[in-house]
Structure formats: C-alpha cells, structure tokens
Amino acid sequence: MQNSAATNTAFRLDFLDGLRALAALWVMFGHIHLFTYGWEHHTSLLTLPLNVLPYLHMGVDVFLVLSGFCLALPVVRNGNRMRTGLYAYFKARSLRILPPYFAVLLLILLINFVLPIISWARSPVGLTSEMPYQVFWSNILLLQDFFPQFNNINGPFWSIATEWHLYFLFPLAIWLLRKFGAWTLLIAGAVLAAGLTWRSLNASIIVGSLQMTVPQPPYFVLLFVMGIVSAWFAFGENGTQRSGRYRRTVWAAAALMLLPLGWLLWQYRIIDSDNVHLFMEHTHLIDPVTGAVTALVLAGLSRLPREHFARKFLEARALVWIGGFSYSLYLVHIPILATLSHALDLLMPQKTQHQAFLILSFAGSAACLGFAYYFSKVFETKRWMRLFVAPSAKETAQAIRQRMSDLEKEHGKLKQMLEDMSAARIQEAKE
C-alpha cells in the first residue's frame, strides 16, 4: 500500500499510482456502499454496476501485490541485491508506514472520547470504559493479524499489520530470489501460504491462552511474493528480452486466470448479509487467483508503451494524484465516512438508501480525498517530525541558505524582467 523507491523520480512507473488509486477508491466506495446499502445485491439496471462494490476486499489483494512489486523493483534492477543494509531498510519502512498509522490511531482515540465514532463504524465493541485491553494493545503493537477478533478501532488496520509483518520476510525473499531463482521463491511462497492456510482452516489458534491465531489472512504471503516475482519478470536480469518474448503469453495467462476467478466469484457471490459469509469463507481460494491476475497484469503493463490506451488511462493525472496519497486515503476514510453517515442519520432520518449513497459518494468522497491529501503532506513525509523535534542548527542553516538562494533567483528574474521592459520602452520611443 506504500509508494516506494520503485516510483522515484529517476525511474517512475506512473501506472502503479493509477492502480493504487483504483484499489483505494474501490475500498472507499465499497465502504460507502456498506454504510448505505449494507451487503444488498442490486437487480435494477440503474444500480446494477454497484454490485462490484461489496467485493472491496479484493482491492486489498491488489495493494498487497503492488507492495511486493514496488519493494522488489529497485532490488531486481540491482542484480537482486538490496541497495541498503537491513537497518536502513527497516528504518525506511518504519518511517513510511508507522507515522500515518499511529497518527490515525491517535486521532480516532482522541475523537472517540468525545463522540462514539467507533460505534458508528459498525463495530460492536467501541472505545468505551469497558473496552477490552486486548483491543488497545493489539492495535498499538500492530498485531491485528494475529488477533483479528480485536480489530475494532479502524477496519483497514488489519491489512496494515499484515503488510508490516510481510516487510520482515522481504529480505529473506530477496535472498531466495538471488540464490535459487524466481520460481523457487514462488514455490516457497506457495508452500508457506498453503501450510499456514491449512493450519488456519483446521486449527487457527496457536496460543490458546491468548486466543492468538495464525497470521490472517495466512495466504497473503503468496500475494506478496507474486508481486516480487512479477517485478523480477519485467525488470530483473534479461527482463527486457524475457518480457518481449513472453509479452503475449503474459496477457493470455492473465485472461485465462479470469476464468477461475469469475467462476469463484459467481459460485460465492454476495447477495445479502446472510450469505456474505460464503464469500469470506472462500477468500483463501479467491484471493490467490486475484493476486495472480494482478501480478500478470503488472508484468504486462510494465512493457507496454506509454502511448498504449491502458497506460494512458492508468497514468491519467487524476489517478496518479490520488495514488500519491492512497495510503492516507485508505487509513482515514472509515472514520470520516462513519462521522458523515451518523450526521446523515441525525439530520435526515427519513432519507432513502439511494439518497444516502449519493450524498456520501459526493460529499463523503470529497471529504476523504481532501483530508487524506493534506494528511499525507504531513505524515507521509518527514514533516511530522517538526511537530516533535526542533530542527538542528545545521538544518536551520541549510534552510536559510536555500531560502536565500531562492530569493536571489527570484531577484534575478525580476531584474531581467525590468530590464526587458525598459529596453522595450526605449525601442518604442525610438520608433
């Protein structure tokens, strides 16, 4: 869910931000659907397209594959070697993922002491004086994947915990990739995911006294590895030749994988709240197939020319802009939507579901996008440090020198403009 060095200014793939944006919007509008329609299945022609929104869980699948892809991209372009040491790697990942997470967590906790925002967000627990201490500590320590029953503060937090723990596997995955190759890594990821999934389906509790489970979802490690392998395929050693040789094969495989994915989605389709459990109980089948399609599409998109309509669509300015702060959008949209939904219940008790959906779709999405954008400017950068750490004398001096340099450039431009104006007037006077 993070932007990474994979999309830096030296080597940037804008379509990655476009895909992030689509995944984030899918999740956000999916939650808008849940706040207004619940798990209702639409049959009228006008609202039929809304049936895709309850499958917002699949947007998280896209995020996980993208995460593996983006983390691996600078590595596979460097001979399957990490450009930094482990300390620098974990420091960078920590500074990237943790400040926005804890900022949202703290904000929700503070607000909830005044207004019961958690209860509005469809949580049966809420942050009350009777809140189990496990809810608090599992969220502070990012252990919601080991204790999913305590993920009651902010719904999307569970996937942040999962991604955080996958970061610790990334160096090992890169070692396997370098020593034994991509296919060995893919098989190892599949075996690990299968083993964890089997244990989860048969006896998920691994520490009975704590009710601690196998990391959930147990198969997300495979999606993460698929992203790494996809990056290697497109940009690793001999990636240009490999991608060119198998370009059509990649797209054919992606299209072929849509067949089992479509069958699974039809077989376990969501109709209402009574049968949604069928979909959730089979995500261990649906998610890996979704991940495979995403990984294949990423490999295919990587070698398409920028003039191709698919690249043009995904690299549209609006999508790239949203993708730039998609992590913040993912984190903040639930509390904002919950607040607005509660306000609607108070101000418009007689509203219809359609009215509520339209209001939240326009006003709610605008509020989410606006807040997430400015939130990201502080907490997805190092600006948040200024709230707690005073700048050093060296940093202050550098800032002053930079400002003086900028002023000198502006002065030079202004002086040149005045000279040009003066010369033009003299020329006019002569004529």
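At what angle do H3 and helix H6 (residues 157-180) pack, and how far apart are their axes? In this predicted model, the two helices pack at an angle of about 175 degrees, and their axes are 11 Å apart. H3 is therefore roughly antiparallel to H6. On the H3 side, the contact is made by Leu86, Tyr89, Phe90, Arg93, Ser94, Ile97, Leu98, Tyr101, Val104 and Leu105. H6 contributes Phe157, Ile160, Trp164, Tyr167, Phe168, Phe170 and Pro171. Of the residues in this contact, 15 are nonpolar, one is polar and one is charged.

H3 (residues 86-112) also packs with helix H5 (residues 133-140). Their axes come within 11 Å and cross at roughly 155 degrees. An angle over 145 degrees counts as roughly antiparallel, so H3 has that orientation to H5. Tyr101, Phe102, Leu105 and Leu109 of H3 meet Phe136, Asn139 and Ile140 of H5. Six residues of this contact are nonpolar and one is polar, with no charged residue among them. Tyr101 and Leu105 of H3 take part in the contact with H5, and both also appear in the contact with H6.

These helices belong to a protein with 17 helices and two strands. Buried residues make up 48% of its 431 residues. Among contacts with a separation of 6 or more, 75% join residues 24 or more positions apart.

Helix H10 (residues 247-267) has 21 residues. Its first and last C-alpha atoms lie 31 Å apart, close to the expected 30 Å. Val250, Ala254, Leu261 and Leu264 of H10 are buried. The cover over the buried residues of H10 includes helix H2 (57-76), helix H8 (220-235) and helix H12 (283-302). Leucine 259 is also found in H10. This leucine counts as exposed because its relative accessibility is 58%, and the cut-off for exposure is over 50%. Leucine 259 and valine 289 are 30 residues apart in sequence, with their C-alpha atoms 9.9 Å apart in space.

Helix H15 (residues 326-347) has 22 residues and spans 30 Å from first C-alpha to last. That value is close to the 32 Å expected. H15 nevertheless bends by about 40 degrees at valine 332. A proline, proline 335, follows within four residues of valine 332. Serine 341 also has its place in H15. Its relative accessible area is 10%, so serine 341 is buried. Leaving aside neighbours within four places in sequence, serine 341 is in contact with Phe35 and Leu360.

Several backbone features lie in loops. Asparagine 80, in the loop between H2 and H3, has phi near 60 degrees, a positive value in a residue other than glycine. Its relative accessible area of 13% makes asparagine 80 buried. Leucine 142 lies in the loop between H5 and H6. Its phi is positive too, at about 50 degrees, although leucine 142 is not a glycine. With 3% relative accessibility, leucine 142 counts as buried. The loop between strand E2 (212-213) and H8 holds proline 217. The peptide bond from glutamine 216 to proline 217 is cis, with omega near -15 degrees.

Methods:
Residues numbered from 1 in each chain as written. Predicted model: local features only at pLDDT ≥ 70, side-chain atom pairs only at ≥ 80, totals over all residues. Heavy atoms only, no water. Expected span 1.5 Å × (residues − 1). Bend = angle between axes of the 7 residues up to and from the residue. Axes fitted to C-alpha atoms, helices over the stretch in contact; angles between N-to-C directions. Parallel < 35°, antiparallel > 145°, perpendicular 65-115°, else oblique. Contact = heavy atoms within 4.5 Å. Nonpolar A, V, L, I, M, F, W, Y, C, P; charged D, E, K, R; others polar. Buried < 20%, exposed > 50% of the residue type's maximum accessible area, 1.4 Å probe, protein only.
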